[in-house]
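Work through the two exercises below with the sequence and the structure in view. Try each task before reading its solution.

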Amino acid sequence: MPAPFPTGFGAPAGGFPPGPTGGHLPVARHAGGDDPVPGRQHPSAPLPPMPAGAWNRLRPREDDMDDDATVAAPRLSGPRDDATEEPPAEPAADDPTGGLDVIGANVDDDRPRRRGLRRRRDDDAPGAVADDETVALHPQDDLDRHGDPDDGGLLHDDEIPVAPYDPRSDPQRRRRRRRPLAIGLALLILGGMVVGIVLAGQRLLGMLDPEARDYPGPGTGSVDVRVQQGDTLTDIARTLADADVIASTGPFVDAAQDEPAATGIQPGVYSLRLQMSGQGALELLLDPASRQVSRVTVPEGFTVDQVLARLAEQTGTPLAELEAAADPAALPLPPYAGGQLEGYLFPATYDFEPGTTPQQMLQRMVETFDEVAARLQLEERAAALGRTPGEVVTIASMIQSETRLDEERPDVAQVIYNRLDAGIALGIDATLAYGLDKSGNELTVTDLQSDDPYNTRNRRGLPPTPISSPGEASLEAALAPSTGDLLYYVLESQDGAHFFTSDYAEFQQARQRCADAGLGCGG
């Protein structure tokens with residue numbers, strides 16, 4: 001192996017020229033001679049010139065170094081033995097940076113930059129650049145790259161122009177600021193598209209199937225619609241469509257079929273709105289507040305005069321018109337009524353629609369009595385008792401006036417039947433009060449001795465007519481009295497309860513107790 005050469009700056013970057021054997025042999029020279037000595041170098045021999053390259057740009061050390069000092073050299077990789085060695089390119093004479101780009105040399109605030117590739121120059125031409133170096137095409141670019149020639153061509157850190165940072169110009173920040181607005185606008189557009197699709201679909205469906213058209217809103221204005229007795233859901237839907245309450249029958253019928261309560265829609269006049277949806281129209285028909293009626297409650301025990309006054313008060317119908325309509329010959333009274341209206345205006349709660357005439361009101365009340373009488377089998381059961389249906393109604397009217405307690409009504413009925421059968425005067429003050437158009441508390445001793453046909457104190461048998469409108473409980477009691485020989489009853493407590501007996505002495509004692517309690521006695 002050849003002896004290694006001393007370490008220093010004398011070794012070229014690519015090694016020494018090849019020797020006779022092809023290897024790189026170090027050459028040693030004497031200080032005073034020119035003949036080389038193979039394998040050895042004199043310490044004082046001058047070093048060969050340094051090849052051009054990156055090492056030329058290094059500044060020399062400031063302190064003196066001994067000639068014998070050995071300086072570590074960087075390890076340079078040389079070309080392969082079989083490669084052709086080319087001399088390194090010399091840096092431009094006026095380039096103090098050794099061909100290295102200066103940071104910020106291309107920043108210019110005064111004018112826009114035009115960059116491109118220069119045409120390749122000859123290696124030996126001044127200012128030559130490498131094949132792959134990108135330089136400016138403008139003549140001013142050389143000055144921008146290398147700085148001011150008077151300053152040695154160098155740029156300092158504080159001279160490098162840097163554009164100031166403006167946070168408002170940050171594109172990401174602008175995108176973040178615009179993002180909520182863009183989302184809101186997109187949602188608004190999407191909502192409009194959905195509404196448009198729904199409306200267009202409804203219009204198209206209405207064109208294809210007229211029976212499926214439906215108004216979308218709750219409707220406007222007001223319109224009165226009458227539901228007739230016996231109308232089916234389809235009939236009601238046609239009536240609503242004819243009045244422009246709904247667009248077509250289909251949506252209303254579909255909604256009504258899904259609602260069990262729809263089968264209970266009552267006949268009458270309803271206040272609805274124009275151009276409603278089928279579902280909305282159904283909801284109003286099921287709302288009792290939408291039905292235009294005058295509700296009248298006729299209590300049990302009211303006389304004809306009291307019934308007419310109640311109807312006039314709660315329906316707004318003039319009393320004179322009602323009195324004129326209370327003609328027994330114009331009303332459908334049963335044959336056993338004897339042409340008398342008293343007792344046959346059945347007490348109940350009635351809903352009279354707008355436009356109902358006085359005669360229609362009274363006729364409806366008589367028809368209700370006929371319905372109850374038919375349900376109770378009044379005529380058949382009266383015959384079983386040996387009484388006419390008219391007599392049963394008269395007895396029921398007295399029962400209605402004599403007690404407020406339903407459980408006592410059969411006993412009152414038994415007392416009346418026992419007295420009638422025994423030929424004893426009934427002695428019921430309520431009949432006399434009716435005949436005299438007074439209340440029971442207004443009767444005087446003279447009234448009790450009067451010869452009035454309704455005075456059951458001195459007249460045997462039943463009064464000429466019923467004295468009030470009996471309710472169903474009183475009618476039932478008259479058809480099914482209790483048993484026993486009861487002949488007397490006297491009020492014995494504030495709650496309206498009576499004391500019943502068949503003994504006259506017990507009856508007198510009960511009267512005294514009633515008088516002492518200040519209850520007001522009768523019987």
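**Exercise 1: a sheet**

Which residue is the bridge partner of R226 in β6? Then work out the order of the strands in the sheet.

Solution. The model is a predicted one.

Step 1. R226 has V269 of β6 as its bridge partner.

Step 2. Look for other pairs along these two strands. V223 stands opposite L272 in β6. Strand β5 covers residues 220-227 and strand β6 covers residues 268-274; the two run antiparallel and are joined by 6 bridges.

Step 3. Turn to the next strand. V269 stands opposite Q292 in β7. Strand β7 consists of residues 291-292, and 2 bridges pair it with β6 in the antiparallel sense.

Step 4. Put the pairs together. The 3 strands form an open sheet with the order β5-β6-β7 and antiparallel pairing. β5 and β7 are the edge strands, each pairing on one side only.

**Exercise 2: two helices**

Describe how helix α6 packs against helix α8, and state what kinds of residue make the contact.

Solution.

Step 1. Helix α6 spans residues 304-315 and helix α8 spans residues 358-376; their axes lie 12 Å apart, at an angle of about 125 degrees.

Step 2. Classify the angle. It is neither over 145 degrees nor within 65 to 115, so α6 is oblique to α8.

Step 3. The handedness of the crossing of α6 and α8 is right-handed.

Step 4. List the residues. From α6 the contact uses V307, L308, L311 and T315, and from α8 it uses M361, L362 and M365.

Step 5. Sort them by type. The contact of α6 with α8 has 6 nonpolar residues, 1 polar and no charged.

Key
Residues are numbered from 1 along each chain as its sequence is written. This is a predicted model: local features need pLDDT of at least 70, side-chain atom pairs count only at pLDDT 80 or more; totals for chains, interfaces and linings use all residues. Side-chain values use heavy atoms; hydrogens and water are left out. Two strands pair if DSSP finds at least two bridges between them. Helices (H or I, at least four residues) and strands (E, at least two) are DSSP runs, numbered from the N terminus. Axes are lines fitted to C-alpha atoms, for helices over the stretch in contact, and angles run from 0 to 180 degrees between N-to-C directions. Angles under 35 degrees count as roughly parallel, over 145 as roughly antiparallel, 65 to 115 as roughly perpendicular and the rest as oblique. A crossing is left-handed if the near helix is turned anticlockwise from the far one by less than a right angle, and right-handed if clockwise. Contact means heavy atoms within 4.5 Å. Ala, Val, Leu, Ile, Met, Phe, Trp, Tyr, Cys and Pro count as nonpolar, Asp, Glu, Lys and Arg as charged, and the others, Gly among them, as polar.
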